[in-house]
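Colleague: Before I use any of the labels on this model, I would like to hear what stands behind them. Can we take them one at a time?

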Amino acid sequence: WLACAVHTFGVNSLLLRVSAQVPPLQFFRKIIPAQLTAFTTQSSIGALPVTTDSLTRRVGVHPEVAHFTAPLGATLGMPGCSGIWPILVAIWGINAYNIPYTLSDYLVLALLGSIVSLGVAGVPGTATVAAATVLAAAGLPLDFVAATLPISAIADMARTTTNVTAAAVSSTIVARSTGLLDDRIFRGESEFEEADPTEEPTRR
């Protein structure tokens with residue numbers, strides 16, 4: 001949970017401030033519904049409608065950006081399920097079993113975690129599959145995964161929240177870089193209005 005919290009609020013705060021020029025605290029307040037849905041359902045896909053709604057109506061991300069990048073983030077590059085969890089499981093197992101491991105081995109492990117993150121489904125339990133895939137590719141015993149199954153559901157709450165937050169942050173950064181982030185909605189000075197689907201998006 002601590003590792004997920006550092007990524008969710010620490011790393012993402014830096015990305016929001018530097019890449020999207022958005023106040024992190026205000027941003028997190030606006031996506032709380034999506035985070036709570038992710039926390040309780042343990043499903044990035046299940047939280048997707050709430051995530052896109054929060055992005056368009058509360059953050060000010062244009063629907064074209066929100067409805068493309070948020071679903072993409074629910075299946076690609078999920079930091080909680082495909083990055084943090086498999087690596088933590090691997091490091092715990094390496095130390096528990098006293099397996100000799102070098103710095104280069106750890107770098108390969110991190111690379112494998114990044115590769116595996118490119119195709120993990122955003123549904124409950126996929127972190128177990130991701131961890132098993134990473135461990136098998138690294139030549140580590142799958143006993144590590146079996147030993148962590150009793151606490152997997154508890155960890156999944158934090159993992160999924162991290163995934164959904166990262167997807168929302170990515171959408172906001174893309175919206176800012178393409179000029180499709182409405183700062184008036186973000187500041188609460190304007191409300192989201194459904195646009196004509198045939199109308200060209202307005203850059204702000």
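Modeller: Start with exposure: a residue is called exposed when its relative accessible area is over 50%, buried when that area is under 20%, and partly exposed in between. Keep in mind that this is a predicted model.

Colleague: What makes Asn-98 count as exposed?

Modeller: Its relative accessibility is 65%. The cut-off for exposed is over 50%, so Asn-98 passes. Asn-98 sits in the loop between helix H6 (79-96) and helix H7 (103-116).

Colleague: What is marked about the phi of Asn-98?

Modeller: The phi of Asn-98 is near 55°, which is positive, and the residue is not a glycine. Most residues other than glycine have a negative phi. Gln-21 is also listed with a positive phi, near 50°. Gln-21 lies in the loop between helix H1 (2-20) and helix H2 (24-30).

Colleague: Why is the pair Asp-156 and Arg-159 called a salt bridge?

Modeller: The closest N and O atoms of Asp-156 and Arg-159 are 3.2 Å apart. The limit is 4 Å between a side-chain nitrogen of Lys or Arg and a carboxyl oxygen of Asp or Glu, so the pair qualifies. Side chains of opposite charge can pair when their charged atoms come close.

Colleague: How are Asp-156 and Arg-159 placed along helix H9?

Modeller: They are 3 residues apart in helix H9 (residues 143-177), which means a separation of about one helical turn.

Colleague: Are the two partners buried or exposed, and how do you know?

Modeller: Asp-156 has 4% relative accessibility, and Arg-159 has a relative accessible area of 2%. Buried requires under 20%, so Asp-156 is buried and so is Arg-159.

Colleague: How many salt bridges does the structure hold?

Modeller: There are 5 salt bridges. One of them joins Arg-187 and Glu-189, at 3.1 Å from N to O. Glu-189 has 54% relative accessibility, over the 50% needed, and therefore counts as exposed.

Colleague: What makes Asp-182 and Arg-184 a salt bridge?

Modeller: The closest N and O atoms of Asp-182 and Arg-184 are 3.5 Å apart. That is within 4 Å, so the label holds. The side chain of Asp-182 also reaches the backbone nitrogen of Arg-184, at 3.0 Å.

Colleague: Where is Asp-182, and why are Asp-182 and Arg-184 given separate accessibility labels?

Modeller: Asp-182 is in the loop between H9 and helix H10 (183-186). Its relative accessible area is 8%, under 20%, so Asp-182 is buried. Arg-184 has 37% relative accessibility, which lies between the two cut-offs, so Arg-184 is partly exposed.

Colleague: What lines the largest cavity, and which helices supply the lining?

Modeller: The lining consists of Ser-44, Leu-48, Thr-51, Ala-70, Gly-73, Ala-74, Asn-163, Val-164 and Ala-167. Helix H4 (48-59), helix H5 (63-73) and H9 each supply at least two of these residues. H9 gives the most, with 3 residues. The volume of this cavity is about 50 Å³, and the structure holds 2 cavities of 30 Å³ or more.

Colleague: How does that lining divide by class?

Modeller: It has 5 nonpolar, 4 polar and no charged residues. Gly-73 lines the cavity, and Gly is counted as polar here.

Colleague: What is the volume of the second largest pocket, and what is in its lining?

Modeller: Its volume is about 210 Å³. The lining includes Trp-1, Phe-9, Gln-35, Phe-39 and Thr-162. H1, helix H3 (32-41) and H9 each supply at least two lining residues. By class there are 8 nonpolar, 4 polar and no charged residues.

Colleague: What makes the largest nonpolar core a core, and which members touch the most others?

Modeller: Its 20 residues carry the label because they are buried nonpolar residues joined through side-chain atoms within 4.5 Å. Val-22, Phe-27, Ile-31, Leu-55, Val-59, Val-61 and Leu-181 touch the most other members. H1, H2, H4, H5 and H9 each give two or more residues to this core, and H9 gives the most, with 4. A second, separate core of 16 residues includes Leu-109, Val-134, Leu-140 and Ala-155.

Methods. Residues numbered from 1 in each chain as written. Predicted model: local features only at pLDDT ≥ 70, side-chain atom pairs only at ≥ 80, totals over all residues. Heavy atoms only, no water. Buried < 20%, exposed > 50% of the residue type's maximum accessible area, 1.4 Å probe, protein only. 1 Å grid on protein atoms, 1.4 Å probe; cavity = no way out; pocket = protein on both sides within 12 Å on 5 of 7 lines; lining within 4 Å. Points joined across faces, edges and corners; volume = space filled by probe spheres on them. Polar contact = N/O pair within 3.5 Å; in protein donor to acceptor, adjacent residues only side chain to side chain.
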